[in-house]
Structure formats: structure tokens, C-alpha cells
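Biologist: Mind walking me through this model? I'll ask, you reason it out.

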Amino acid sequence: MSDDERPLSIDVGDGIGEVPAVLRRPDGATATLVVAHGAGAGKDHPFLTGFCRALDDLDVATLRFDFPYRAAGRRFPDRPPVAIATWRAVVDAARRAAGDGVPVWASGRSFGGRMASMAVADGMDAAGLVFLGYPLHPPGRPEKSRDEHFPQLAGVPMLFLQGRNDPFAIPNEQLDRLVADLAPSAVLDWIDGANHSFEVKGAKRPAAEIGAGLAPRVAAFLAAHT
């Protein structure tokens with residue numbers, strides 16, 4: 001852990017307990033992005049640490065955290081009520097750390113981003129949403145679309161970063177239609193050749209570098225909506 005990172009323990013309440021988090025806050029931060037992990041990896045996965053370090057260089061503060069199941073060493077993700085309660089507690093902590101006038105955004109990889117969107121649809125206050133690979137449906141099951149809550153997000157600024165070869169978003173036209181219905185507040189940024197982890201075949205890079213490569217797109221979107 002670098003000297004620029006501050007470890008936190010956030011009490012979720014409701015008998016759920018505390019979750020670990022890491023705050024990075026550069027001087028003069030223009031926004032805070034709360035970042036949740038995907039279902040299979042925690043807050044310290046190289047993709048997320050690289051992404052957050054790169055945002056630090058772009059004057060965006062980040063707060064990444066573990067969901068309760070991950071903090072407890074369990075394999076299976078929390079059910080939505082627990083995940084949403086966790087999101088609310090972490091965003092409240094991020095807002096206290098950010099101070100007055102600094103917008104707090106919600107973001108996440110796959111499962112983490114989906115739970116962020118459900119929390120906002122449930123009334124959680126956030127400046128907007130950033131999806132790092134939205135799991136629109138299970139691979140090969142486009143009829144099982146996870147989009148029922150998006151009409152409640154109309155008008156919320158949203159950035160979808162998605163790989164063209166992501167099996168959670170094939171056929172691509174399905175996500176195109178969803179975002180078009182949410183326009184102009186929602187923007188879809190396709191990454192050609194990328195899979196669900198944003199890896200591109202034939203262009204092998206470390207996960208930290210892949211995450212860092214997405215940071216400028218996210219910082220630009222936040223700046224445009226601040």
C-alpha cells in the first residue's frame with residue numbers, strides 16, 4: 001500500500017458489520033469516485049488499483065471497498081439488499097471525506113456496478129454512475145436481461161465502458177438499445193476487441209495497466225458533468 005492510500009473501516013449497520021476500504025484523495029480533487037469490485041475479485045485486484053492510481057493523477061479521488069461477503073472470505077456475492085446497504089454506507093463515508101461541494105460518483109466492475117445502479121434506483125444519492133463492464137445478462141442468455149431498474153435512472157449521468165467481445169453484452173445491439181433509451185444522460189463507450197476484463201486478444205498487458213488505461217475516459221466524463 002502506498003503512502004497516498006488511507007485504509008478505512010466502514011460500518012454498514014443493520015447487523016452487517018464493517019467493510020474495509022481504501023481512500024485515495026489527491027490535493028484539489030474535483031470529484032470522488034466510489035469503486036466496487038466484481039463478483040470474483042476484491043478491492044485490491046490490480047485492475048482496480050491501477051485504475052484508482054491513474055485517476056489520482058487526474059485529480060479524481062477514489063474510495064474502493066470490499067462487499068461484506070468478500071471481507072468475510074466467502075465465495076458467493078451478497079444478495080442485493082446487503083449490497084445496496086453497503087453501497088449506501090460507503091457513499092456516505094465518501095461524502096464525509098470529500099467535503100462540501102465535491103461530487104461523489106458510484107462506479108464498479110460488473111457485479112459492483114450493477115449493485116451501484118440498483119442502489120441509485122433505490123434512492124441512494126450519487127452524482128452519477130460509471131460502469132466498468134456492465135453485466136447486462138448471463139453469458140449466452142440475452143433473454144435474461146438485468147435492466148429492469150434502468151427506467152428509474154432516467155436523467156442520471158451514466159458512462160458505460162464496455163468491451164465489444166464481452167459475453168455479458170453480446171449481442172452488442174442490446175446494450176446499444178438500452179443506452180439509447182436513456183440518452184442523452186447516458187453514454188456508451190465501446191472498447192473494440194475487449195472482453196469482460198477489457199483484455200484485447202493479441203495485445204497482452206498487465207491488469208493494472210488495463211485499468212489505468214480506462215481512467216482518462218472516466219475523468220473526462222466526470223469533468224463534463226461536474
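Biologist: Which residues of β5 are buried on one side, and which on the other?

Modeller: First the ground rules: this is a predicted model, where local features need pLDDT of at least 70, side-chain atom pairs count only at pLDDT 80 or more, and totals for chains, interfaces and linings use all residues. Residues are numbered from 1 along each chain as its sequence is written, and side-chain values use heavy atoms, with hydrogens and water left out. Helices (H or I, at least four residues) and strands (E, at least two) are DSSP runs numbered from the N terminus, and buried means under 20% relative accessible area, exposed over 50%, partly exposed in between (1.4 Å probe, protein chains only). Both faces of β5 are covered, with Val-104, Ala-106 and Gly-108 buried on one side and Trp-105, Ser-107 and Arg-109 on the other.

Biologist: Which residue of β5 is the bridge partner of Leu-33?

Modeller: Two strands pair here if DSSP finds at least two bridges between them. Strand β3 (residues 31-36) and β5 have 5 bridges, in the parallel sense. Within β5, the partner of Leu-33 is Trp-105.

Biologist: And which residue of β6 is the bridge partner of Ser-107?

Modeller: Strand β6 (residues 129-132) pairs with β5 over 4 bridges, again parallel. Together with helix α4 (residues 111-121), β5 and β6 make a right-handed β-α-β unit (with the strands pointing away from the viewer, the path from the first strand over the helix to the second runs clockwise). The β6 partner of Ser-107 is Val-130.

Biologist: At about what angle does α4 run to β5?

Modeller: Axes are lines fitted to C-alpha atoms, for helices over the stretch in contact, and angles run from 0 to 180 degrees between N-to-C directions. Contact means heavy atoms within 4.5 Å. Helix α4 lies across β3, β5 and β6, and its angle to β5 is about 140 degrees.

Biologist: Why do β1 and β8 each have one side left without a neighbour in the sheet?

Modeller: The sheet is open, has 8 strands with mixed pairing, and follows the order β1-β2-β4-β3-β5-β6-β7-β8. Its twist averages 20 degrees from one strand to the next. β1 (5-11) and β8 (186-191) stand at the edges, so each has a single partner strand.

Biologist: Which residue in β4 is the bridge partner of Leu-23?

Modeller: Strand β2 (residues 18-24) and strand β4 (residues 60-65) run antiparallel, joined by 4 bridges. In β4, the partner of Leu-23 is Leu-63.

Biologist: Which helix gives the most to the largest nonpolar core?

Modeller: A nonpolar core is a set of buried Ala, Val, Leu, Ile, Met, Phe, Trp, Tyr and Cys residues joined through side-chain atoms within 4.5 Å. The largest has 49 residues, and those touching the most other members are Phe-67, Trp-87, Leu-129, Phe-150, Met-158 and Phe-160. Leaving out residues up to four places away in sequence, Trp-87 touches Val-34, Phe-65 and Met-115, among others. With 11 residues in this core, the top contributor is helix α3 (residues 80-98).

Biologist: How many residues of α1 are buried?

Modeller: Helix α1 (residues 46-57) has 12 residues, and it reaches 17 Å from first C-alpha to last, close to the 16 Å expected at 1.5 Å a residue (1.5 Å times one less than its number of residues). Its cover includes β2, β3, β4, β5, β6 and α6. The helix is largely enclosed by the rest of the structure, because the buried count is 9 of the 12.

Biologist: Is Thr-32 buried or exposed?

Modeller: Thr-32 lies in strand β3. Beyond residues up to four places away in sequence, its contacts include Ala-61, Ala-94 and Trp-105. Its relative accessibility is 4%, so it counts as buried.

Biologist: Near what omega is the peptide bond from Ala-183 to Pro-184?

Modeller: Pro-184 is found in the loop between α5 and β8. The bond leading into Pro-184 is cis, with omega near 5 degrees.

Biologist: Last one: is Asp-14 buried or exposed?

Modeller: Asp-14 sits in the loop between β1 and β2. Its phi is positive, near 55 degrees, in a residue other than glycine. The relative accessible area is 72%, so Asp-14 is exposed.
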